[in-house]
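Welcome! Please open the sequence and the structure side by side, and let us walk through them together.

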Amino acid sequence: MKALRKPFEPLAIGAPKPFLELPSRLERMIHFVPPHNEKLRAKAPELAREVDVILGNLEDAIPIEAKEAARAGLIAMGKTADLGSAALWARVNALNSPWFLDDMTRLVGEIGDKLDVVMIPKVEGDWDIHFVDQYLALLEARHGLQKPILVHAILETAQGVNNVEAIAAASPRMHGMSLGPADLAASRAMKTTRVGGGHPDYRVLADATEPGGARFAYQQDPWHYTVARMVDACASNGIKPFYGPFGDFSDPAACEAQFRNAFLMGCAGAWTLHPSQIAIAKRVFSPDPAEVAFASKIIAAMPDGSGAVMIDGKMQDDATFKQARVIVKLAKEVAAKDPAYAALYDFK
């Protein structure tokens with residue numbers, strides 16, 4: 001086991017020091033762009049005005065014959081596109097793929113100073129993060145980067161979920177992790193072809209009120225357990241949890257429900273795979289103005305967080321004060337970036 005101070009020393013001579021704390025950034029939606037598609041890539045600057053993160057996708061959904069074009073397209077986007085305040089991320093190919101090494105060496109070498117986060121697919125355990133951590137440090141040192149590139153893990157295998165706590169604690173380079181429901185479903189041998197969301201057959205059945213009488217069925221969330229484990233692992237290590245993709249673009253209501261469940265459970269944001277999902281993620285992962293107003297009331301009534309007060313007929317104490325601070329802190333981050341929400345929150 002490393003000495004307590006060792007994780008915060010650079011892993012290569014000349015590499016930048018790891019962050020002691022994550023940079024504070026709003027990341028409500030991670031918007032995926034296929035960089036091999038020149039037409040879609042050209043829309044990145046326009047999209048960057050609406051989203052918090054632009055991610056160049058090099059892995060799944062990129063055909064094998066387009067892998068090199070996608071990598072070159074992401075590099076071109078990083079060099080020339082004005083993304084404003086939006087962060088630039090890359091989802092590289094899996095560690096066991098023939099494209100991973102070239103993804104890492106070329107991205108860090110050519111746009112490393114523009115790249116905020118590298119997303120690693122199919123992380124199985126802390127050993128995967130240790131490898132990426134060391135490799136990034138060597139590349140950062142070689143190319144003289146001044147700030148470290150962060151790492152984001154995707155939970156999409158049963159073994160990865162089993163090792164989620166170790167993954168979250170593996171490196172100060174860890175930014176967070178996302179649920180990858182489609183690959184995880186296959187890894188678990190779940191009987192579904194859906195990408196995220198619920199399933200009509202995953203339900204509980206109400207008791208019959210009389211023999212042969214009607215019985216109500218209630219659809220359940222097959223991802224609740226995994227999201228809860230991921231949120232706990234991230235929260236206990238000071239990193240961020242995210243809901244991943246929702247694949248049915250024709251069902252915005254279900255997408256919003258899934259995103260909202262993740263938001264309420266503690267997720268910082270979600271992936272948006274289609275432009276129609278951007279507004280949904282922005283709405284869901286920005287606190288409701290009425291909730292912000294009530295949270296502000298709690299803080300104003302007990303500014304030092306001690307004691308107990310009654311507000312609108314409800315008792316508030318130190319625990320609800322802490323909850324209120326979470327909501328107001330996020331609302332202030334949203335307001336600082338989004339003038340429309342700043343007007344809605346109306347902070348004095």
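**Rings, cores and a pocket**

K332 sits over the face of F347, with 5.7 Å between K332 and the centre of the ring. Before we go further, please keep in mind that this is a predicted model. A similar arrangement can be found at F294: here K314 lies over the ring face, 5.8 Å from the ring centre.

Rings can also pair with one another. How many aromatic pairs does the structure hold? The count is 10. To describe a pair of aromatic rings, we use the distance of the centres and the angle of the planes. Try this on W89 and F242: their ring centres are 6.3 Å apart and their planes stand at 80°, so this pair is edge-to-face, the label for angles over 60 degrees. Now trace the two residues along the chain. W89 belongs to strand 3 (residues 87-91) and F242 to strand 9 (residues 240-243), so the pair ties together parts that are 153 residues apart in sequence. Are these two residues buried or exposed? W89 is buried, with a relative accessible area of 0%, and F242 is buried too, at 0%.

Next, look at F100 and F131. Their ring centres lie 6.0 Å apart and their planes are at 40°, so the pair is called tilted. This pair also links distant parts of the chain, since F100 is in helix 4 (residues 100-111) and F131 is in helix 5 (residues 126-143), 31 residues apart. The surroundings of the two partners can be read from their accessible areas: F100 is buried at 1%, whereas F131, at 40%, is partly exposed. Elsewhere, ring pairs join Y243, F259, F263 and F285 into a cluster.

F259 leads us to the inside of the protein. The largest nonpolar core has 67 residues, and F259 is among those that touch the most other members, together with I54, M104, L107 and M177. Take L107 as an example: leaving out residues up to four places away in sequence, L107 touches L58, L74, I75, A90, V92, D102, G112 and L115. There is also a second, separate core of 12 residues, which includes L55, V117, W271 and W89, the tryptophan of our edge-to-face pair.

From the cores we can move to open space. The largest pocket contains about 1000 Å³ of space. Its lining is made up of 35 residues, and those closest to the pocket centre are G266, C267, A268, V326 and L330. Which helix gives the largest share of this lining? That is helix 13, with 5 residues. Helix 13 (318-337) is one of several elements that each supply at least two lining residues, including helix 9 (224-236), strand 9 and helix 12 (289-301).

Helix 12 also holds A301, which is partly exposed, with a relative accessible area of 38%. Apart from its neighbours within four places in sequence, A301 is in contact with V309 and I311. Measure along the sequence and A301 is 20 residues from F321; in space, their C-alpha atoms are 9.5 Å apart.

Finally, two aspartates deserve a look at their backbone. D312, in the loop between strand 11 (309-311) and strand 12 (314-316), has a positive phi near 55° although D312 is not a glycine. D312 is exposed, at 56% relative accessible area. D346, in the segment after helix 14 (339-345), likewise has a positive phi, of about 50°. D346 is partly exposed, at 44%.

Methods:
Residues are numbered from 1 along each chain as its sequence is written. This is a predicted model: local features need pLDDT of at least 70, side-chain atom pairs count only at pLDDT 80 or more; totals for chains, interfaces and linings use all residues. Side-chain values use heavy atoms; hydrogens and water are left out. Rings of Phe, Tyr and Trp (its six-membered ring) pair if their centres lie within 6.5 Å; planes under 30 degrees apart count as stacked, over 60 as edge-to-face and the rest as tilted. Helices (H or I, at least four residues) and strands (E, at least two) are DSSP runs, numbered from the N terminus. Buried means under 20% relative accessible area, exposed over 50%, partly exposed in between (1.4 Å probe, protein chains only). A charge sits over a ring if NZ of Lys or CZ of Arg is within 6 Å of the ring centre and within 35 degrees of the ring normal. A nonpolar core is a set of buried Ala, Val, Leu, Ile, Met, Phe, Trp, Tyr and Cys residues joined through side-chain atoms within 4.5 Å. Contact means heavy atoms within 4.5 Å. On a 1 Å grid over the protein atoms alone, a cavity is a set of points where a 1.4 Å probe fits but cannot get out, and a pocket is an open set with protein on both sides within 12 Å along at least five of seven lines; lining residues have an atom within 4 Å of a point. Grid points are joined across faces, edges and corners, and a volume is the space filled by probe spheres set on the points.
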